[in-house]
Amino acid sequence: MIKPDFDSFLLLSFGGPQGPDEVMPFLRRVTAGRGVPDERLTEVAQHYLHYDGISPITAQNEALLAALQAEFDRRGINLPLYFGNRNWHPFVTDTARKMQADGRRHALVLATSATGSYSGCRQYREDLAHAAAELDGVAPGFTKLRHYFDHPGLITANADAVRRALAGIRPELRDEARLVFTAHSIPVSMNDSAGPDGGLYVAEQSTTARLVAEAVRGPGAEFDLVWQSRSGPPQVPWLEPDINDHLRELAATGTRAVVVAPTGFVSDHLEVIWDLDEEARETAVELGLDYVRAATAGTDTAFVSGLVDLVEEQLDGKPAEFLGSLGLCGVDCPASCCPAPVRRSA
Ligand SMILES: CC1=C(CCC(=O)O)c2cc3nc(cc4[nH]c(cc5[nH]c(cc1n2)c(C)c5CCC(=O)O)c(CCC(=O)O)c4C)C(CCC(=O)O)=C3C
Ligand SMILES: [Fe+2]
């Protein structure tokens, strides 16, 4: 295949409400056809309203864009940057229309999910396809960058954050503090069908967690990978254990301190600050655990530089460094990979 001439860059993300009136429309949009019960929506709406209905994710993506722009400038990469979301303004369809009007023909796309799974990879591909289908005339081409769950930039940023978090644990408990990594829970069936051979989501999340734990504490370091932010109807199995149950289990078996690192997310968005800084912290306090939450990669310089390495990998065909052994999945996914779940009504 002839390599396309890339002329633009698109940051593709989830989106979040920017005021109280936007909360319910946003939640209905996210969960349309997904069988998420109304009680769950009402509960999640309260989490957003706790922050005046403003999800931090949009400002965080704008900060990431500015950091990427600075790194592009530093390296002489001359691609204009665009930003679009799946679920809220700026919608990727509107962004694609703007790109078309600006004469852009082929964009490199960075999704704010570092791993495979329907929600984190295939659905973003669908979002791009829908956006292109909405346009009159020739739509820009979109080439998604590979998954970066094992990229040294992401690992370094998270390892530095875990070290800073450990420094916040009482000195006498620091060495014994348990390293607990979290990622978004997904339905077990979604993990079973993730990647060319299934199970890719858990495999990639485990790789990130292991690489970060080993960067901090050396080869063979112990760690736990658990899940947060479960949605869906109660009768459908999702990945377990939940972080709160896990903290109870740890406390019951003698753990006195934990650092919780949400390595499954790239910014401190609402699911991080609510589920970990409010809920899980409260659980930990009740249990008498020392608890410090590590920051996500955000605009960490190692992370941003690593992302730009992925851009350069596409521009000059030079493979970027990666530490894991799961290959370059995320660049040329087979069509059968990470299929959409069966739609259901609430
Ligand atoms: C794998 C994954 C990621 C990580 C990859 C990625 O980053 O893309 C992620 C990220 C995010 N999820 C987010 C928010 C929500 N996710 C929900 C619901 C769901 N998430 C799912 C999966 C994931 N989600 C799934 C399988 C559902 C069930 C409905 C469905 O099958 O689609 C719901 C509905 C209400 C509820 O929580 O029940 C909300 C509000 C926000 C924004 C936070 C903010 O506003 O700052 C972000 C970044
Ligand atoms: Fe989600």
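**Close-up views of a predicted model**

**View A. Strands E1 and E2 run side by side.** In this predicted model, strand E1, residues 8-13, pairs with E2 in the parallel sense, and the pairing extends over 5 bridges. If you would like one spot to look at along this pair, find Leu12, which stands opposite Gly84 in E2.

**View B. The open sheet holds 4 strands.** Their order is E2-E1-E3-E4, and the pairing is parallel. Which strands stand at the edges? They are E2 (81-85) and E4 (141-144); each has a single partner strand, so one side of each is left without a neighbour in the sheet. On average, neighbouring strands of this sheet are turned by 30° against each other, direction ignored.

**View C. Helix H4 lies across part of the sheet.** Residues 92-101 form H4, and this helix lies across E1, E2 and E3 (106-111). Its course is at about 150° to E2.

**View D. Domain 1 meets domain 2.** The domain assignment splits the protein into domain 1 (8-148 + 300-316) and domain 2 (152-293). Between their C-alpha centres there are 24 Å. Where the two touch, 29 residues of domain 1 are in contact with 23 residues of domain 2. On the domain 1 side, the elements that give two or more residues are H2, H3 (57-75), H5 and H11 (301-316). H11 gives the most to this side, with 6 residues. By character, the residues on the domain 1 side are 12 nonpolar, 14 polar and 3 charged.

**View E. Ligand 1 sits within a shell of residues from both domains.** How many residues surround ligand 1? There are 25, and the closest are Gly16, Ser55, Ser231, His269 and Leu270. Domain 1 and domain 2 each provide at least three residues of the shell. Here is the make-up of that shell: 9 nonpolar residues, 13 polar and 3 charged.

**View F. Four helices each lend at least two residues to the shell around ligand 1.** To trace these contributions, look for H1 (23-31), H2 (38-50), H5 (118-134) and H10 (270-287). The largest share, 3 residues, comes from H1. You may recognise H2 and H5 from the view of the domains: both also give two or more residues to the side of domain 1 that touches domain 2.

Note on methods: Residues are numbered from 1 along each chain as its sequence is written. Chains are lettered from A and ligands numbered from 1 in the order in which they are written. This is a predicted model: local features need pLDDT of at least 70, side-chain atom pairs count only at pLDDT 80 or more; totals for chains, interfaces and linings use all residues. A residue is near a molecule or strand if its C-beta atom, placed from the backbone, lies within 6 Å of it. Ala, Val, Leu, Ile, Met, Phe, Trp, Tyr, Cys and Pro count as nonpolar, Asp, Glu, Lys and Arg as charged, and the others, Gly among them, as polar. Domain bounds come from an automatic or database domain assignment. Two residues are in contact if their C-beta atoms, placed from the backbone, lie within 7 Å. Two strands pair if DSSP finds at least two bridges between them. Axes are lines fitted to C-alpha atoms, for helices over the stretch in contact, and angles run from 0 to 180 degrees between N-to-C directions.
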